[in-house]
Amino acid sequence: MPTITEDCIDGFQQYYARPPERPKKKSFKQMIYDSEDNSYFGRTIESWAKIGIFYVAFYGVLAALVAICMWAFFQTLDPRIPKWKLDRSIIGTNPGLGFRPLPPVDNVESTLIWYKGTQHENYKHWTDSLDDFLAVYKVPGLTPGRGQNIYNCDYNQPPPKGQVCDVDIKAWSPCTKENNYNYHKSSPCIFLKLNKIYGWIPEYYNTSKDLPSNMPSKLKDYIKIVETTEAHKLNTIWVTCEGENPADQENIGPVAYLPVQGFPGYFYPYQNSEGYLSPLVAVHFERPKRGIIINVECKAWARNIIHDRKERIGSVHYELLID
């Protein structure tokens, strides 16, 4: 008579008995479809149907919840008005200054504008880059919504609601495409643009009495002249471009600003209106010294614009070299 221990061992061996050997080909086919119990991959059709219905319902409900959450989220947003503005935004309240043309893409970290004035192929990149950048200013159709809402603004005529100020490209002469932006005469034009910050209102230096001590003397004199002759134009974000070092200041030569030495105040505040284009200042270097690198720093001047070279706000640096 078998003992209890022997019964346990027999039961264990039967429970964990190796299944009958089958040819690999037959075993693989049976894994896909077993004709004995009419199952696929170990499950009957009814079982697979229940699993399918469950996952369809589960992911359907999940997708519906996500869609409802996204819909509720987008109801809180305005396509033209940012939720976080000025001090509460990442951009902040201090606009940066940019310049065009930019160096080639393969040398994106460089800020050097270098060419030979007598060779068209050498300065072709710079003029083509300006053509691309200024295309939206010349062809209204390239800017969505720009056309019927263009308004001829002036210091005494700000744009009505829903309209945007026109940018007069004819006032940039001789910095025009037809004139190769004067690159062929070794007196190139660089365009400056103030970065857009929604709702930012500039605080102008519109009087000559309390100008900052670090403001260039030429700009101070210019503001005094405007104050005397055209006081209504004082609401301007002034612009200066100078050599960074004493040697650069000697080599930079005369500089002209077109159409005026700054960004007119009637372009501000920026409200993300359809068809809006930022004002530009064409900086014309009339007689820069050739064959030497000239370090140039341009600054935008307003009471609420802080200049910081490290953070690249309020000013921009680039180099000019004409062989």
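The following exercises, with worked solutions, concern a predicted model.

**Exercise 1. The nonpolar cores**

Identify the residues that touch the most other members of the largest nonpolar core, and the helix that gives the most to this core.

*Solution.*
Step 1. The largest nonpolar core holds 56 residues. Those touching the most other members are Trp172, Tyr183, Phe191, Leu192, Ile237, Phe263 and Tyr318.
Step 2. Helix α4 (residues 120–138) gives the most to this core, contributing six residues.
Step 3. Another core, of nine residues, lies apart from it; Leu211, Leu234, Trp238 and Trp301 are among its members.

**Exercise 2. The surroundings of Phe263**

List residues that Phe263 touches, leaving out those up to four places away in sequence.

*Solution.*
Step 1. Contact is judged by heavy atoms within 4.5 Å.
Step 2. The partners of Phe263 include Leu97, Leu192, Thr236, Ile237, Val239, Pro279, Leu280 and Val281. Lys193, Leu194 and Tyr268 are also touched by Phe263.

**Exercise 3. Strand β9 and its partners**

Determine how many residues of strand β9 are buried, and describe how β9 pairs with β11 and β13.

*Solution.*
Step 1. Strand β9 spans residues 236–243, and seven of its eight residues are buried.
Step 2. With strand β11 (residues 262–264), β9 forms three bridges in the antiparallel sense. Here Trp238 stands opposite Gly262.
Step 3. With strand β13 (residues 294–301), β9 is joined by six bridges, also antiparallel. Thr240 has Lys299 of β13 as its bridge partner.

**Exercise 4. A nonpolar surface patch**

State which residues make the nonpolar surface patch of about 1,000 Å².

*Solution.*
Step 1. The patch is made by Phe54, Tyr55, Phe58, Tyr59, Leu62, Val66, Met70, Phe73, Phe74 and Leu77.
Step 2. Of these residues, Phe54 is found in helix α3 (residues 45–74).

Key:
Residues numbered from 1 in each chain as written. Predicted model: local features only at pLDDT ≥ 70, side-chain atom pairs only at ≥ 80, totals over all residues. Heavy atoms only, no water. Core = buried A, V, L, I, M, F, W, Y, C linked by side-chain atoms within 4.5 Å. Buried < 20%, exposed > 50% of the residue type's maximum accessible area, 1.4 Å probe, protein only. Helix = DSSP H or I, 4+ residues; strand = E, 2+ residues; numbered from the N terminus. Patch = residues over 30% accessible without salt bridge, like charges linked within 9 Å, V, L, I, M, F, W, Y side chains within 5 Å. Areas by Shrake-Rupley, 256 points an atom, 1.4 Å probe, with all protein chains shown as cover. Salt bridge = Lys/Arg side-chain N within 4 Å of Asp/Glu carboxyl O. Pairing = 2+ DSSP bridges.
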